Amino acid sequence: MELTEQMTVNSKEEAGAVNYETINWDSINWPMHERIVSRLQSRIVKAVKEGKWNRVKALQYLLTHSLSGKLLAVRRVTTNKGKNTPGVDQQLWRHQRRKELAVADLKQRGYKPLPLRRVLIPKSNGKMRPLGIPTMKDRAMQALYLMALDPIAETCADRNSYGFRKARSCADAMVQCHTILCRRGSAQWILEGDIEACFDRINHDWLMQNVPIGDKHILQSWLKAGYLYENAFYNTTEGTPQGGTISQPWQT
C-alpha cells in the first residue's frame with residue numbers, strides 16, 4: 001500500500017469514520033471517542049507550533065467531519081445546563097433516538113443556522129443583559145467546531161489570560177496577581193478596565209480574517225444568522241451573541 005493511501009486510511013480510522021446507522025447511544029464507547037478527539041487536538045497543537053497552517057486546516061477538517069467529534073458535540077449540548085432551553089424551533093434532544101439522529105444530522109453540506117432566540121436577563125447593576133440562544137442543532141455544530149478551535153486558542157492565547165479558558169478560573173488569576181504584586185518594588189496600582197458593549201460591537205470582518213476556522217462560510221453563517229425578539233426578526237451586522245458556544249475562546 002502506498003504511503004499516502006496508508007495515511008488516508010489511518011486518518012479515517014482516527015477520525016472514527018463508521019456507519020451512522022450503527023449508533024446506539026447506550027452502548028457508545030465514550031473513552032475511545034474522547035481519545036480519538038484528544039489525539040487530533042494534540043496534532044493540531046503540534047501543527048500550530050510548527051507553523052504548518054495547511055496541516056492545521058486538514059486536521060480541523062478531520063475532526064469536524066468525524067463521528068467521534070459529532071458524538072461528543074451532541075453529548076455536550078444534551079448534558080450541560082442549557083439542555084432544557086430551546087432555540088427558536090422549540091426543539092430539545094431528550095431521548096436516546098433523537099440524540100442518535102442528531103449525530104447523523106450534523107452535516108456541513110447545506111447547513112444553515114436558524115436565527116437566535118433573544119432573551120434578556122438581569123445584571124447585578126440593574127441593567128439587562130441580552131442572550132442569544134441557538135437551536136440545539138446550531139449549538140451542537142458550534143460545539144463541534146469549538147473542539148477544532150480550542151487547541152489553537154490555548155496554544156496562541158496570552159499566558160496570563162483566564163476568561164473562558166479550560167482548566168483556568170478566577171482563583172488562578174488571583175494567584176498570578178499575588179505572584180507579581182507581592183514582590184518588593186512591585187506596582188502599587190491595578191488598572192481595571194471594561195470595553196463597553198464588547199460582545200455587541202465586535203467587528204465581523206475582523207473575526208472572519210482572524211478566527212482560524214477552515215470552514216469560513218460556516219463562521220459567516222453564524223455571524224449573520226440574525227435573531228428573533230418578540231416575534232420580530234433582526235439582522236446581525238456586528239457583534240456576537242453572549243450564550244453562543246463558539247464565542248467563548250475568541251472573546252477574551
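## Start with W222

Leaving aside neighbours within four places in sequence, W222 is in contact with Y111, P113, M141, Q142, Y145, I213 and I246. Keep in mind as you look around that this is a predicted model.

Where does W222 sit? It belongs to α10 (216–223), and W222 is buried there along with I218, L219, S221 and L223. The cover over the buried residues of α10 includes α6 and α9 (204–210).

## The whole chain

Now zoom out. The chain has 10 helices and four strands. Walk along the sequence and you meet them in the pattern α-α-α-α-α-β-β-α-α-α-α-α-β-β.

How many of the 252 residues count as buried? The share is 39%. As for contacts in the chain with a separation of 6 or more, 69% of them come from residues 24 or more positions apart.

## The nonpolar core

W222 turns up again here. The largest nonpolar core holds 45 residues, and L71, Y145 and W222 are the ones with the most contacts inside it. Several helices chip in: α2 (30–49), α3 (53–64), α4 (67–79), α5 (96–105), α6 and α10 each supply at least two residues of this core. Which helix gives the most? That's α6, with 10 residues.

## A space inside

Searching the whole structure for cavities of 30 Å³ or more turns up one. The largest cavity has about 240 Å³ of space. It is lined by 21 residues, and those closest to its centre are L219, L223, T240, I246 and S247. You have already met some of these: L219 and L223 are among the buried residues of α10, and I246 is one of the contacts of W222.

What kinds of residues make up the lining of the largest cavity? There are 14 nonpolar residues, six polar ones and one charged one. Two helices, α6 (136–156) and α10 (216–223), each supply at least two residues of this lining.

## One side of α5

Next, have a look at α5. Its buried residues are K99, E100, A102 and V103. Why are they on the same side of α5? Because they cover an arc of only 160° around the axis. The general idea is handy to remember: an α-helix has 3.6 residues a turn, so residues three or four places apart point the same way.

What do the buried residues of α5 pack against? Their partner is α4.

## Two residues with positive phi

Here is some background for the last stop. Most residues other than glycine have a negative phi. Q90 goes the other way, with a positive phi near 60° in a residue other than glycine. You'll find Q90 in the loop between α4 and α5. Is Q90 buried or exposed? Its relative accessibility is 53%, so Q90 counts as exposed, the cut-off being over 50%.

E230 also has a positive phi, near 50°, and is a residue other than glycine. The loop that holds E230 runs between β3 (227–229) and β4 (232–234). E230 counts as exposed too, because its relative accessibility is 65%.

How values were computed:
Residues numbered from 1 in each chain as written. Predicted model: local features only at pLDDT ≥ 70, side-chain atom pairs only at ≥ 80, totals over all residues. Heavy atoms only, no water. 1 Å grid on protein atoms, 1.4 Å probe; cavity = no way out; pocket = protein on both sides within 12 Å on 5 of 7 lines; lining within 4 Å. Points joined across faces, edges and corners; volume = space filled by probe spheres on them. Nonpolar A, V, L, I, M, F, W, Y, C, P; charged D, E, K, R; others polar. Core = buried A, V, L, I, M, F, W, Y, C linked by side-chain atoms within 4.5 Å. Buried < 20%, exposed > 50% of the residue type's maximum accessible area, 1.4 Å probe, protein only. Contact = heavy atoms within 4.5 Å. Arc of directions from axis to C-beta.
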